[in-house]
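The following exchange explains why certain terms are applied to a structure. Each answer sets a value against the rule behind the term.

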Amino acid sequence: MAIGTDYCSGTLLDFHTHRRAQFLYGMTGVMEVNTDDGTWMVPPYSGVWLPAGKRHQVRMNEVSTRSLYIEPHVAPRASPSCEVLVATPLLHHLLLASAHIPALYEENGRDGALAQLLLYELEQAQALPLFAPLPHDLPLASLCRAFLGQPNIHSLPEKWAQQLHCSQRTFNRLFRQQTGLSFGVWRQQACLMAAIPRLLSGSSVTRTALELGYDSPAAFSSMFRKVLGQSPTAFVQATSRQREE
C-alpha cells in the first residue's frame, strides 16, 4: 500500500510501530529517524527501511514523503535493522506512480506489476552508512547522545574512557561490543549525519567542516567523498537539481 504525505518543518511523529514493513521515502527535506537501536539521518531522495514491528520516531524537516507499507512475508530486505537506502531514478518514479495505486489493486494487472517491480528495486537498493547505533550501556549511551548533539571529529576516545572510569583499551572493547563499530568509524558517521542537514540548509562547506572540528575543508570533503561517493558541493548541487526536476 502506498501513501504520500507532506510535513511542515519540525513535525515530530512520536514513537510508534507498524504491523507491516515500511519504506519511508523523502523527496524533499531531511528526516531524522530514532529507534531503540540508534539514529538515522535520511537526506532527500533517500528513504529509510523500517522492518515490521520496529519501534521508531521520525522528525520531519519540510519533507514530502512517499511511503510503502509491505506485508512482512514479502519484505524485500532481510536485515532486522533499519537502513537508509538510495532511491535510484527508476525507484523514484516508481514511488511517484505508486501513489495512484488503490489499496485493493489487481495483482495480475499493471498495478500488480508495478508493485512487484518496487519490491525488486528495494531489494537491490544501496544502503548508506548514515547510522549512529546507540549502546545499551547507559553511561556510554549518555555520552553518545551528548556527542550527537554536538559532534566533533577530534573527540578523543581517551577522554570518553576517563569519563567512564576505565582504560582506553577497555573502552575500545566496550564500544565495539555495544555498537558493532569502532569508536573512530562511529564518530565519523555521526559527524557525517550532522553535516548533511547543515549543507542542505545553505551552510558552506568551510563553515560545516570547521563546526564539526575538521582541520580544513579539504579534509572534510575527502571524508565526505570517500563515504558518499561525491564531494559535499556535488551532493548539494545534485539534490537541488533533483528538486528542480
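**Aromatic pairs**

Q: How many aromatic pairs does the rule on ring centres give?
A: In this predicted model, the count comes to 15 aromatic pairs, a pair being two rings whose centres lie within 6.5 Å.

Q: Why is the pair of Phe 171 and Phe 183 called edge-to-face?
A: The ring centres of Phe 171 and Phe 183 are 5.6 Å apart, and their planes stand at 65°. Planes over 60 degrees apart count as edge-to-face, so the pair receives that name.

Q: What makes this a link between distant parts of the chain?
A: Phe 171 belongs to helix 5 (residues 168-179) and Phe 183 to helix 6 (residues 183-200), with the two positions 12 residues apart in the count along the chain.

Q: Why is Phe 171 called buried?
A: Its relative accessible area is 0%, and buried means under 20%, so Phe 171 qualifies.

Q: Why does Phe 183 receive the term buried?
A: The relative accessible area of Phe 183 is 6%, which is under 20%, so Phe 183 is buried.

Q: Why is the pair of Phe 224 and Phe 235 edge-to-face?
A: The centres of these rings are 5.6 Å apart and the planes are at 65°. The angle is over 60 degrees, so Phe 224 and Phe 235 form an edge-to-face pair.

Q: Which helices does the pair of Phe 224 and Phe 235 link?
A: Phe 224 lies in helix 8 (residues 217-228) and Phe 235 in helix 9 (residues 232-244), 11 residues apart. Both Phe 224 and Phe 235 are buried.

Q: Which residues form one aromatic cluster with Phe 171 and Phe 183?
A: The cluster also contains Phe 147, Trp 160, Phe 175 and Trp 186.

Q: What makes the charged end of Arg 55 count as sitting over the ring of Phe 15?
A: The charged end is 4.1 Å from the centre of the ring of Phe 15. The rule asks for a distance within 6 Å, together with a position within 35 degrees of the ring normal.

**Sheets**

Q: What is the strand order of the open sheet of six strands?
A: The order is 1-8-3-6-9-10, and the pairing is antiparallel.

Q: Why are strand 1 and strand 10 said to stand at the edges?
A: Strand 1 (2-6) and strand 10 (127-128) each have a single partner strand, so one side of each lacks a neighbour in the sheet.

Q: What makes strand 3 and strand 8 a pair?
A: Six bridges join strand 3 (residues 21-26) to strand 8 (residues 64-70), and the two run antiparallel. Pairing requires at least two bridges. Within this pairing, Ala 21 stands opposite Ile 70.

Q: Which helix packs on this sheet?
A: Helix 2 (residues 110-124) does, touching strand 3, strand 6 (46-50), strand 8 and strand 9 (83-86). The direction of helix 2 makes about 100° with that of strand 8.

Q: What is the order of the open sheet that five strands form?
A: The order is 2-7-4-5-11, with antiparallel pairing. Strand 2 and strand 11 (131-133) are at the edges, since each has a single partner strand and so one side without a neighbour. On average, neighbouring strands of this sheet are turned by 10° against each other, direction ignored.

Q: How do you know that strand 7 pairs with strand 2?
A: Four bridges join strand 2 (residues 11-16) to strand 7 (residues 56-61) in the antiparallel sense, where the rule asks for at least two. His 16 stands opposite His 56, and Leu 13 opposite Val 58.

Q: How many bridges pair strand 4 with strand 7?
A: Strand 4 (residues 30-35) and strand 7 pair over six bridges, again in the antiparallel sense. Here Asn 34 stands opposite Gln 57.

**The whole chain**

Q: How many helices and strands are in the protein chain?
A: There are nine helices and 11 strands.

Q: Why is the chain called as compact as a globular protein of its length?
A: The radius of gyration is 19 Å, and the globule rule gives 18 Å for 245 residues; the two values are close, so the description applies.

Q: Why is Ala 103 called exposed?
A: Its relative accessible area is 53%, and exposed means over 50%, so Ala 103 meets the term. Ala 103 is placed in the loop between helix 1 (89-98) and helix 2.

Technical notes: Residues are numbered from 1 along each chain as its sequence is written. This is a predicted model: local features need pLDDT of at least 70, side-chain atom pairs count only at pLDDT 80 or more; totals for chains, interfaces and linings use all residues. Side-chain values use heavy atoms; hydrogens and water are left out. Rings of Phe, Tyr and Trp (its six-membered ring) pair if their centres lie within 6.5 Å; planes under 30 degrees apart count as stacked, over 60 as edge-to-face and the rest as tilted. Buried means under 20% relative accessible area, exposed over 50%, partly exposed in between (1.4 Å probe, protein chains only). Contact means heavy atoms within 4.5 Å. Axes are lines fitted to C-alpha atoms, for helices over the stretch in contact, and angles run from 0 to 180 degrees between N-to-C directions. The radius of gyration is taken over C-alpha atoms; the globule rule is 2.2 Å times the number of residues to the power 0.38.
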